[in-house]
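Biologist: I'm new to this one and I'd like to know what's behind the labels people put on it. Can you bring it up and let me quiz you?

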Amino acid sequence: MKRSIIQNFRGLHGLVVHPDDANRHALVSTLGKLGLTVTAKCAADPSELRNCDLMFIDADEGMEAMPEAQGHMTALESVPCIALIGNEAPSRLARVVRRGCASHILKPIRNSGVYAAVLLAVNGHELRQENAREIEVLRKRLSGRRVVTQAVVAIMKLHGLDQDAAYELLRADAMNRRLPIDQIARERMFAGSP
Amino acid sequence: MRAGAELAISEINEDPCSLAKLVPVVIDPGGITASYVTAAQKLLCEKKITHIFGCYTSSSRKEVLPFFEKHDGLLWYPSHYEGFETSENIVYTGAAPNQHILPLSKHLLEHHGNRGWFVGSNYVWAWENNRILRERLMEVGGVVVGERYFPVGETDMMALAQQIVSDRPDFVFTTLIGKSGYAFFRALREAANAAGIDQPNDMPVASCSLSEAELPAIGSAASGHLSSSVYFSTINSPENNQFVSEWNRRFGDLGHACADAEATYNAVHLLSQAVTKAGSEGFTAVRDAVKSAQFNAPQGLVTVNPDNLHCAMRSRIGRSKSDGTFEILHSEAQPVQPDPYLVWSNSAKQPELRGNHLRVVR
C-alpha cells in the first residue's frame, strides 16, 4: 500500500537558528502561516535541540558552533534539519552534508520554497527513520546467525539429525513459543542441552 | 476581469470622497504564459506601475511573481485558485481551496453520495482539487469510480461521457477548463439522455469554476450543474443589485456578471481604500494598509486577512439555470477565513514526528 505523505504541519514546533534579519523574519512568518510554532534564536543549546520537531539552521555562519548533540544522536533520535543556504562554497555545503540536512532553503528567503522544503524534510526524515529501524532489525538478526549455526551443529551431533531436520526442530520451537529463532538457539546453547 | 476593474475605476474616479484617482494601463497577454512575463516587465519597469490586476491561471501568476518581488510591485490576483502559496507581493481576492473545494465536497457528500467520477484538464488546478476531494472521499469510505485528464483544449468527450454513464457515479467532478468543459457538459447530457438518466438530478456535474460567463457557451446543456463560488449574480443584496444593474448597463453584452468580474471589482476598490488610508500609492505603504481592509462587496463583506493577504468570504453552492444564472442552494452564514495551505481546515490526523515507532502490520 502506498503510504500518503505528511502534508500538514500544524502544531509542530520549529527551531530556527539564524541571525535576526530579514531572512529569519520571512522564514518565521511563513512557518506561522503553515501552522508551526516557532522559536527563533541566534545560537542554540543542546536542550533546545531536543525540544523541537524540526530545525532550521544557518549554513553560512555559526554552524560549526552549533552544539554537536545532533551528531551524537542516533538517526532515530534526531529531528529533521533544514539548511538555510546563502553561500554555496563547498566548505559551507560540506557541513550541510555532514549534518545530514534533509532539505534546504536558499537565501534570500521568500515565502515560496518554504512549504516545499518543510514537506521534503519531514517526509524524507520519516523515510530515513524507517530505514534506520529496518537496519537495526537486520543487524540484530545478522548477529544471531552465528549462534543459530552453533545450535544446529550441536543438535545434529546430539540427536544424529541432518542439517535440515536440526534447523526445523529449532524453527518449530521458535514458532511455538513465538520467539526469534536466534533467541531460542541462544537459550539452548546456554542451557547446555541443545 | 477587465470589465469588473473598469466598473470599479469609474466609480472611484467619480466619487468625490475618494482621494485616489485611477488611470488604467491595459495589456492583454492573450492567455499565453510567456507573454505574461513580457507584459509584467513592461508594466513594472518601463511604465513604473506598482499595482497590477490580472493573471487568471496559476502558471501565469507563478511566472510573473519574481518580477513583482524584484521591482516591489503588488499583484492583485482576482481568481479562485488551488492554494499552497502566499506572497508579500500578491493580494488574493478570489477563493482559496478551503472556500471552494471543501464546501463543495461537503455538499456533494451530504446531498448526492460518495461515489465520484473525476475529469479534468491536465494541469495543477485539476490535480490539486482532485487530490483534496479524493482525500475527503477516502475519509468517509467513498470511491473514486474513475479519473481522467485531457490536454487543455481537447473537445472529443463522447467516449468519456459514455464510460461515465455506464459507471453511474453519484456525481461527476470536473476541473476541465474552457472549451473542453463546454464539450464535456454537452456530451454527458447527450449520453445520459440516450440512456434515460436524469443527469442533473441523478448524476450532477460539480465544479469550482463554472460561472455565468461560461453558461452561454455550453448551450442547451447549460442548466442543472453545481458550482462552488463566493459570488453569483443572483445574490440578493442592495450592493449586488446595484452592481448587477451597473454591469448590465455597461457590460450587458458580455453576459451576466460573474465571480471573476466581481473579484476584480473588489480588488480595485480595496486598492483605492488602501491608497486613501496610506496616503501613498507606494508598494509597502499600500501592502500594509490593505491588511485587515474591509469592503462591502456585491457578495457581502470581504476582509483581507492580514497574515496571508487572502480574503475572508462566504462560500456558496449554486445550480445553473437555463436563463444563464445560478440558483443559490447554500450560503455559509459567516465569512470563511482563507486557509491557503489547508492548515486549519484539514480534519486529517496531525503528524507525530517523535515516538511513533509502532506501525500497524497489514
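Modeller: Sure, ask away.

Biologist: How do you know that strand 10 and strand 11 of chain B are joined?

Modeller: Two bridges link strand 10 (residues 300-304) to strand 11 of chain B, and the two run antiparallel. Pairing takes at least two bridges found by DSSP between two strands, so this couple qualifies. Across from B:Thr303 you'll find B:Ala312 of strand 11 of chain B. By the way, a strand here is a DSSP run of E with at least two residues, a helix is a run of H or I with at least four, and both are numbered from the N terminus.

Biologist: And where do the numbers and letters come from?

Modeller: Residues count from 1 along each chain as its sequence is written, while chains are lettered from A and ligands numbered from 1 in the order in which they are written. This is a predicted model, with local features needing pLDDT of at least 70, side-chain atom pairs needing 80 or more, and totals for chains, interfaces and linings using all residues; side-chain values use heavy atoms, without hydrogens and water.

Biologist: What makes strand 9 and strand 11 of chain B edge strands?

Modeller: Their open sheet has three strands in the order 9-10-11, with antiparallel pairing. Strand 9 (294-297) and strand 11 (311-312) of chain B each have a single partner strand, so one side of each lacks a neighbour in the sheet. Helix 11 (residues 259-278) of chain B packs on this sheet, touching strands 9, 10 and 11, and its direction makes about 140° with that of strand 9 of chain B. Touching, or contact, means heavy atoms within 4.5 Å.

Biologist: Why are helix 1 and helix 10 of chain B called roughly perpendicular?

Modeller: Helix 1 (residues 2-14) and helix 10 (residues 238-251) of chain B pack at about 110°, with axes 11 Å apart. Axes are lines fitted to C-alpha atoms, for helices over the stretch in contact, and angles between N-to-C directions run from 0 to 180 degrees. Under 35 degrees is roughly parallel, over 145 roughly antiparallel, 65 to 115 roughly perpendicular, and the rest oblique. That's why helix 1 of chain B counts as roughly perpendicular to helix 10 of chain B. The residues in contact include B:Leu7 and B:Ser10 of helix 1 and B:Phe243 and B:Trp247 of helix 10 of chain B.

Biologist: Why is B:Cys55 called buried?

Modeller: Buried means under 20% relative accessible area, exposed over 50%, and partly exposed in between, using a 1.4 Å probe and protein chains only. B:Cys55 has 11%, so buried it is. B:Cys55 lies in the loop between strand 1 and helix 3 (58-70) of chain B.

Biologist: Is B:Lys48 buried or exposed?

Modeller: B:Lys48 comes out at 64% relative accessibility, so it's exposed. It sits in the loop between helix 2 (33-46) and strand 1 (51-53) of chain B.

Biologist: What makes the phi of these two residues stand out?

Modeller: Most residues other than glycine have a negative phi. B:Lys48 has a positive phi of about 55°, and B:Cys55 has one near 75°.

Biologist: How do you know that strand 3 of chain A is mostly covered?

Modeller: Five of the five residues of strand 3 (residues 54-58) of chain A are buried. A:Leu54, A:Phe56 and A:Asp58 are on one side, with A:Met55 and A:Ile57 on the other. Strand 3 of chain A pairs in the parallel sense over four bridges with strand 1 (residues 13-17) of chain A, and likewise over four bridges with strand 4 (residues 81-85) of chain A. A:Val16 stands opposite A:Phe56, while A:Cys81 is the bridge partner of A:Met55.

Biologist: What's behind the cis label at A:Pro108?

Modeller: The peptide bond from A:Lys107 to A:Pro108 has omega near 0°. A:Pro108 is in the loop between strand 5 (103-106) and helix 5 (114-159) of chain A.
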